[in-house]
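Take a look at the structure below before reading on. Turn it around and try to tell the chains apart.

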Amino acid sequence: MSARLPLVAGEWIDRSKKFGFDFESERFQGFAGDTVSSALLAAGVRVLGRSFKYHRARSVLSMANHDVNAMFQDGARLNLRGDVEPLRDRMVLAAVNTFGGVRRDRARIFDKLSAVLPVGFYYKAFHTPKAWFPFWERMFRRVTGLGELDFSTPHIRTPKRYDFCDVLVVGAGPSGLCASLAAADAGAKVVLVDENARIGGSLTYQRGGSDDPAAQLRNLASGISAHPNISVRTGTLAAGCYADNWVALVDAERMTKIRARAIIVASGVCEQPAVFHNNDVPGVMLASAAQRLIYRYAVRPMQSAVVLTGNQDGYAAALDLIANGIRVEAVVDLRRTDGGSAEEARVTEAGIRTLRGHCIYEARASGSMVGAAVICPLLTGGEADASRSETVRCDGVLMSVGYAPAAALLHQAGAAMRFDVQVGQFVPASLPGGVFAVGRVNGVYALEDRQRDGSRAGLEAAKYLGFPASAAPVVVRAAVAPSHPYPIFDHPQAKNFVDFDEDLQLKDLANAVQEGFDNIELLKRYATIGMGPSQGKHSNMNAIRVLAKLLGTTPGEVGTTTSRPFFHPVPMSHLAGRGFAPYRLTPLHSRHERAGAVFMQAGIWLRPEFYMTRGKTRLEAVREEAAAVRTGVGIIDVGTLGKMEISGPDAATFLERIYTGRFANMKVGMTRYALMLDDAGVIIDDGVVARLGEQRFYFTTTTTGSANVYREMTRLNTMWGMEVGIVNVTGAYAAVNLAGPRARDPLAGVTNLDLSAEAFPYLGVREAEIAGVPARLLRAGFVGELGYEIHVPADRACALWDALMEAGGVHGIRPFGVEAQRLLRLEKGHIIIGQDTDGLTTPLEAAVDWAVKMDKPYFVGQRSLKIVQRKNPKAKLVGFTLDSATEGKVPRECHLVIRDGKIAGRVTSIAWSPAMEKYLGLAFASPEIIANGGGFFIRMDGGQMVPARIAKTPFYDPAGDRQKLGA
Amino acid sequence: MNVKRTSPLHDQVATLNPRWGRVRGMRMAAALAGDETVARESVAVVDLSCLDKAGVKGPEAAPWLEGLGIVVPAQANAWTGLPGSGVIARLGRGEFFLEDGAAGDTAGRVRDALGAGIAGVYPVTRQDAGIALVGRRVNELLVQTCNVNFQELDSESRTVVMTMMAGVAVLVIRQDHQNLPGFRIWCDPTYAPYLWETLTGIAAELDGGPIGTGRLLSQAAKLE
């Protein structure tokens, strides 16, 4: 039977646009402007979903974006909240969390098993016995989870964006509307957001049978729409508030990070349910849900109702029902006396039976729906007197017993909240500068007061921002608490739910407290209260009340749980947004591509790992590249190295303090290895320092270290106040290393620089033109051959590369990649920071203490290193070789070094050396290994042990004659 | 030897079927294949890396530049014009970035003068990639990549913004072009391909995209 009402003034549906849709194989019809839930209810469908744990029949609770027991799947879109999801034509819907559909859900058997599913069941299941863990895991995986993920879902683009405004007003109810107008009138640019499809908040549905609220809304709305300073965004949720007034706004398309100079939180309240037996049966709903159904969607929520209330709003809801042709069987008021409101008088005038000092003790089901309410008088302690119960037939129960402030944004903004007994809710005790709270979230309830409170905050926000605005008086909070202090009633058959998301009953909380979880944060985690999709919007306040009662304290003493962003679920696609993953390319990238490079990531750089050669494997290509360097000439792009310049009278002194080595005595035109430590004496970077002039140095850092090194140097120089200029030129310079016994040949063809050993010795640095390009040349020996590291301005890198490749053609020049370089340097026993060291390695352990001049007056890390020196190192980096006859699988980096069955170190580098014709590597080894002949085992992944022996480094060309070639 | 300079965005532009021109020894797209009008009206992305640049820093940098007859911005995070449509930006109390227009020679003069070595003045090699964004929807692109409110910079603004754009450190100034709102962006050249790809990708969603350098810089319109 259709539950659609005749035309309702102000309804949100467009009756001229009909939408057909399917729900679990049945065809229905709704209107544009309907939500999924309103359309189904209008079509006579009363059971909309199943509960999470016991699979109990559920329906509408709030119609306010919190109905997590009425969630649907529409194709690839899952967990759509029916209470707010707009109906679209040709939707194909199914309830989530059912086995066989919402009407015949096979998992409803869990409702019968609730006695053996106690609070903390998950934790208990995984406590003991251990043998059952796989069973529990399989079962939980099968029965839990909401919706079915479609892995073929196409990628949905949801680009994030930033936005800016003077004043952000969150919530377009009466207080938010007035706040917006006041701030905008003062000259502020206002962005007004509301999660609903239309503005108006409670003015759109809490009418008390009167047309006045609708008229007020029309007035306010016309002012808002006409105001040039106000931008309205409906369907937009303010989901989180962060430092510096950044607020995450989530709409259907994207997330917007808005920076507001001031924020006015007019987010209102969440109406709270009462707790009684069967308070979850379809047909039992919040009073505001029924009002929303009537006035927004023209849906009759029931034929006859019992209204449970603890405030005047319940009477207003009763009047709304009457005004729309719904019979009100009784108003059950938890209060013992008349509240004195006009609404109560009007209900009495209408001849509605009013039972004061009574409660609803239980709802009786008729089929899947509520069929009656069992009403009891209250005892003096607030408990139900079940011996004097009365059963009233109805097909709907409204609950209007109080509210909890939607204060998550205030919490996140840094507001301090306190429990106000008079108002019966948490209210702001203090607010950070630029943040304002208005309306019901501020404890102000009367409609006129909320509007005045809004105007007051709008003016204050404008004034705070420097706009001309007069001060407005503070509006007093509600004198009569709109929230009942304890609308919670025990029942021998339980099923009196405190949390509808997680099916938590009153007894579950009592049991959890009895088990020792008697703090609100512990209770939350153990009982999982407030951890479901609605994030406790209808359960946290009642949980606080229950805990306070059990502990004999007050809600204020119990306090609230931490409110973290996002306080409402946000689609993963929105969080992912557009991916910003910066990468860096050297100026020679296109040249590498042309040469067949296979790229690898080095930090955020893309570097050639090796160059693919037709008919060769990766390993063969790498070894050929290495062989080219050992026998002829190779060229590698080393532009990823960090590059810095330091100039000024204190430049040498500064380097002496930054690095472990000595640089003041370095001659102009020479280079020196440089090692950098942190304050703990741990190696953090290395490179080569070149002296270009008395007060001018150029130096390199590791590929991934440049930004950190530059930042640290800048920081230290700020502290030290030395007269130097430090410039990070990592991106401004390209660099290649020309290496091999014939490296001089191609170079000689493109420069007039005297390359003779006398004029340009090993470790020298020169500035000259190479192929017409101004360049810095460093004679380096990282790969153990004659080498020239050539640094040029980035925009001339291609010209340099092309010239060297052309000149080197007759000499068999060959580009080589990172893998070949790693092999070549390993043959020389040169370490790579970060690979052969870790976050604790000192120079003493890495065997580079030769680069540390402890007799200097000062360098960073020196003091710590002196302390470390006095202790025996636990391990030292050593070279090792495997037996030449090793066959099959060989150890890899990070495999453990074993001696006498115990872990005694780990492998940091290992490779097959074509030059040495054996596997060789570097490893951390314990002093015992070093002291006892150097033999140890390496344990591989499968547990296989491979014998190894310490070997002296460099493995290749120990005297270094080749890199000094002709020096 | 007249060595060819290569833009850090050369490879990206080369995929767009350009007709090449040359500015200051650097190959630039005089125009790209197809009609560039729509992109220019919406949001156009242009490679301007060819323009000559220089940098100085140090406690004596400001008086030294003034000694060369260069008018420097009085405050940090501000810029002024140089002869020939160039720009000098003050990045801090003692740090300056200079870029000539297609016809200016201030950056070159500064580099030459620095060669001698000046007390309290240190050279900064600038090889920044230069990108221009122009068009009516330029702000829509910016708000998707950066958390700075560029709408606060009007066409008369002389503010230099140093910020992160799509995860990359950038310098940004407002510089309109023929009554269309526009911005100039400079970044480390090794990040330029990534930033170009990101900006042109978003621009395409806004009916914009890359256009040839010659559309903004008449010198680049001259074909190779």
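This briefing covers chain B, its two domains, its contacts with chain A, and one helix of chain A.

The model is predicted. Chain B has 224 residues, and its radius of gyration is 17 Å. A domain assignment gives chain B a domain 1 and a domain 2. Chain B also touches chain A, with 30 of its residues in contact with 31 residues there.

**Chain B as a whole**

- The secondary structure of chain B comes to 6 helices and 13 strands.
- A compact globule of 224 residues would have a radius of gyration near 17 Å, so the 17 Å of chain B agrees with that.
- Along the principal axes, the C-alpha atoms of chain B fill a box of roughly 50 × 45 × 30 Å.
- In chain B, 55% of the 224 residues count as buried.
- Take the contacts in chain B between residues at least 6 apart in sequence: 64% of these join residues at least 24 apart.

**Two domains in chain B**

- Domain 1 of chain B is made of two stretches, 10–49 and 128–214.
- Domain 2 of chain B covers 53–124.
- How far apart do the C-alpha centres of domain 1 and domain 2 of chain B lie? They lie 24 Å apart.
- Where the domains of chain B meet, 8 residues of domain 1 are in contact with 10 residues of domain 2.
- On the domain 1 side, the touching residues are 5 nonpolar, 1 polar and 2 charged.

**Where chain B meets chain A**

- The contact joins 30 residues of chain B to 31 residues of chain A.
- Strand S8 (122–124) and helix H6 (192–205) of chain B each give two or more residues to the side that touches chain A.
- Which element gives the most to this side of chain B? H6(B) does, with 3 residues.
- The residues on this side of chain B divide into 14 nonpolar, 10 polar and 6 charged.

**A covered helix in chain A**

- Helix H23 of chain A runs over residues 818–827, and 9 of its 10 residues are buried.
- The buried residues of H23(A) include A:Val818, A:Leu823 and A:Leu824.
- Charged residues are found among them too, including A:Glu819 and A:Arg825.
- Which strands and helix of chain A do the buried residues of H23(A) pack against? They pack against strands S29 (597–602), S30 (605–611), S31 (634–637), S44 (902–913) and S45 (918–925), and against helix H18 (618–631).
- Just after H23(A), A:Gly829 takes a positive phi of about 75°.

Methods:
Residues numbered from 1 in each chain as written. Chains lettered and ligands numbered in written order. Predicted model: local features only at pLDDT ≥ 70, side-chain atom pairs only at ≥ 80, totals over all residues. Helix = DSSP H or I, 4+ residues; strand = E, 2+ residues; numbered from the N terminus. Rg over C-alpha atoms; globule rule 2.2 N^0.38 Å. Buried ≥ 20, exposed ≤ 12 C-beta atoms within 10 Å, placed from the backbone. Contact = placed C-beta atoms within 7 Å. Domains from an automatic or database assignment.
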